[in-house]
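The exercises below are meant to be worked through with the sequence and the 3D view side by side. Please try each task before reading the solution that follows it.

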Amino acid sequence: MRSLNLYDEQDIRFEESEEPVIEQADDVIIKVKAVGICGSDISRYKKLGPYVEGMTFGHEFSGVVTDVGTGVKNVKPGDRVSGCPAFYCGECESCQKGEPSRCEKLHVIGAHVPGAYAEFVSLPEENIVPIPDNVDYDTAALIEPSSVVAHGFYRTSIQPGAEVAIMGCGSIGLLAVQWAKIFGAKKVYAIDIDDTKLEVAKEVGADVLINSLEKPAHEQIEAHTNGKGVDLAVESAGSPITSAQVFALPKKGGEVVFMGIPYADINIERFYFERIVRNELNVLGSWNALSSPFPGKEWSSSVHYMSTGQLDVKPMISHRLNLREGPETFDNLINRKGSYVKVLFYPELG
């Protein structure tokens with residue numbers, strides 16, 4: 001089957017791999033219809049490299065079931081599905097407490113087992129997420145990143161009527177704009193340095209667009225909030241710079257939730273660090289997308305709001321490509337050749 005396999009830093013190859021087969025009684029084989037590039041994929045490709053040399057990469061996907069193991073009870077061939085790509089041990093203290101996102105051995109497909117940049121992928125029945133007929137495959141491929149964002153919002157204490165700032169308008173930030181509205185935000189501020197991404201943020205529901213190259217983001221936020229700041233600030237850029245600047249956005253007693261991952265050291269100027277202390281901010285980290293019972297309410301909620309149209313991912317999809325375009329696309333992404341938001345591959349097209 002056609003696949004994209006990661007061999008080393010900046011070495012991803014389009015090549016033929018063996019199709020997955022039923023090995024365990026709970027195995028489900030899925031023909032991949034659409035699979036997206038995640039920000040973590042780009043970071044792994046750029047400077048972290050593979051966990052296993054030559055491993056089939058990718059974990060955000062949707063597809064149709066083609067085969068199931070003898071122990072599978074609730075999934076059958078022909079079912080339209082997405083999948084939670086994460087595996088938890090079930091034995092560590094966090095798993096025993098019903099907190100699988102904190103599992104000591106948490107990993108996803110594309111790391112130690114084959115992922116979804118391929119014509120077919122295999123998952124246990126427990127990881128299968130059914131999708132209704134009115135959620136298309138493109139939309140369903142973004143259930144995983146949507147669930148990551150939902151997990152972060154469930155960590156906060158956001159209340160209806162809140163004002164929320166989203167720092168960074170990549171895929172996670174654009175989903176965060178929409179989840180903020182679902183959680184009842186009356187006003188959402190979208191912050192980025194790319195006007196194209198800000199326009200997409202507006203299309204998916206942002207009320208105020210802020211280009212932080214024009215003036216520091218916190219100054220623009222304060223101008224809109226009578227100098228107070230927002231109730232909740234979401235760091236979704238994963239930049240060392242924004243990971244410091246985000247502390248200046250909330251009001252006294254406000255919250256910051258980190259959804260982005262900065263793959264570099266963060267140096268926080270005194271001005272920003274003092275905001276944590278003087279404003280008594282609540283600072284939260286958010287990791288992965290899991291809760292108990294597995295995979296969690298993040299997944300069922302994502303499917304629900306996609307089916308109602310309150311989560312609209314179509315404006316986010318900037319590129320629809322064949323798998324063979326993968327190596328060039330990853331190179332373009334890390335070298336900033338072209339304007340990308342969310343990239344989807346269609347493995348059955350070649």
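**Exercise 1. Find which residues make the nonpolar surface patch, and decide whether W287 is buried or exposed.**

Solution. Begin with the patch itself, which in this predicted model is made by L48, I261, Y263 and W287 and covers about 390 Å². Next, place W287 in the chain, where the residue lies in the loop between β16 (282-285) and α10 (297-308). Finally, compare its relative accessible area of 51% with the cut-off for exposed residues, which is over 50%; W287 therefore counts as exposed.

**Exercise 2. Name the residues that form the negative surface patch, and work out how E199 is classed by accessibility.**

Solution. The patch is formed by D195, E199, E203, E214 and D312. Of these, take E199, which is found in helix α6, a helix that spans residues 195-203. Its relative accessibility is 47%, and E199 therefore counts as partly exposed.

**Exercise 3. Explain why strand β11 is described as largely enclosed, and identify its parallel partner.**

Solution. First look at the residues of β11 (residues 163-167): 5 of the 5 are buried, so the strand is largely enclosed by the rest of the structure. Then follow the directions of the side chains, since E163, A165 and M167 point one way from the strand while V164 and I166 point the other way, and all are buried. The last step is the pairing, in which 5 bridges join β11 to strand β12 (residues 187-192), the two running parallel. One of the pairs to look for is M167, whose bridge partner in β12 is I191.

**Exercise 4. Describe how β1 and β2 are joined, and say which residue in the turn has a positive phi.**

Solution. Strand β1 (residues 2-8) and strand β2 (residues 11-16) run antiparallel and are joined by 6 bridges. Beside the turn, D8 has D11 as its bridge partner in β2. The two strands form a hairpin with 2 residues between them, and Q10 in the turn has a positive phi of about 55 degrees.

**Exercise 5. State how many salt bridges are counted, and trace what the pair of K31 and E348 ties together.**

Solution. Start from a general point: side chains of opposite charge can pair when their charged atoms come close. With a limit of 4 Å between nitrogen and oxygen, the count comes to 16 salt bridges. One of them joins K31 to E348, with the closest N and O atoms 3.9 Å apart. Because K31 lies in strand β3 (residues 27-36) and E348 in the segment after β18 (342-345), this pair ties together parts that are 317 residues apart in sequence. E348, at a relative accessible area of 33%, is partly exposed, and K31, K33 and E348 are linked in a network of salt bridges.

**Exercise 6. Set out the salt bridges of D207 with K181 and of D79 with K76, with the accessibility of each residue.**

Solution. Take D207 and K181, whose side chains meet at 2.8 Å, N to O. D207 lies in the loop between α6 and β13 (208-211) and K181 in helix α5 (residues 171-182), so the pair ties together parts that are 26 residues apart in sequence. Both are partly exposed, D207 at 41% relative accessibility and K181 at 31%. Then turn to D79 and K76, where the closest N and O atoms are 2.9 Å apart. Here D79, at 18% relative accessibility, counts as buried, whereas K76 is exposed at 52%.

Definitions and conventions:
Residues are numbered from 1 along each chain as its sequence is written. This is a predicted model: local features need pLDDT of at least 70, side-chain atom pairs count only at pLDDT 80 or more; totals for chains, interfaces and linings use all residues. Side-chain values use heavy atoms; hydrogens and water are left out. Patches are made of residues with over 30% relative accessible area and no salt bridge: like charges are joined within 9 Å, nonpolar side chains (Val, Leu, Ile, Met, Phe, Trp, Tyr) within 5 Å. Accessible areas come from the Shrake-Rupley method with a 1.4 Å probe; for residues, only the protein chains shown count as cover. Lys and Arg count as positive and Asp and Glu as negative; His and the chain ends are not counted. The place of a charge is taken as NZ of Lys, CZ of Arg, CG of Asp or CD of Glu. Helices (H or I, at least four residues) and strands (E, at least two) are DSSP runs, numbered from the N terminus. Buried means under 20% relative accessible area, exposed over 50%, partly exposed in between (1.4 Å probe, protein chains only). Two strands pair if DSSP finds at least two bridges between them.
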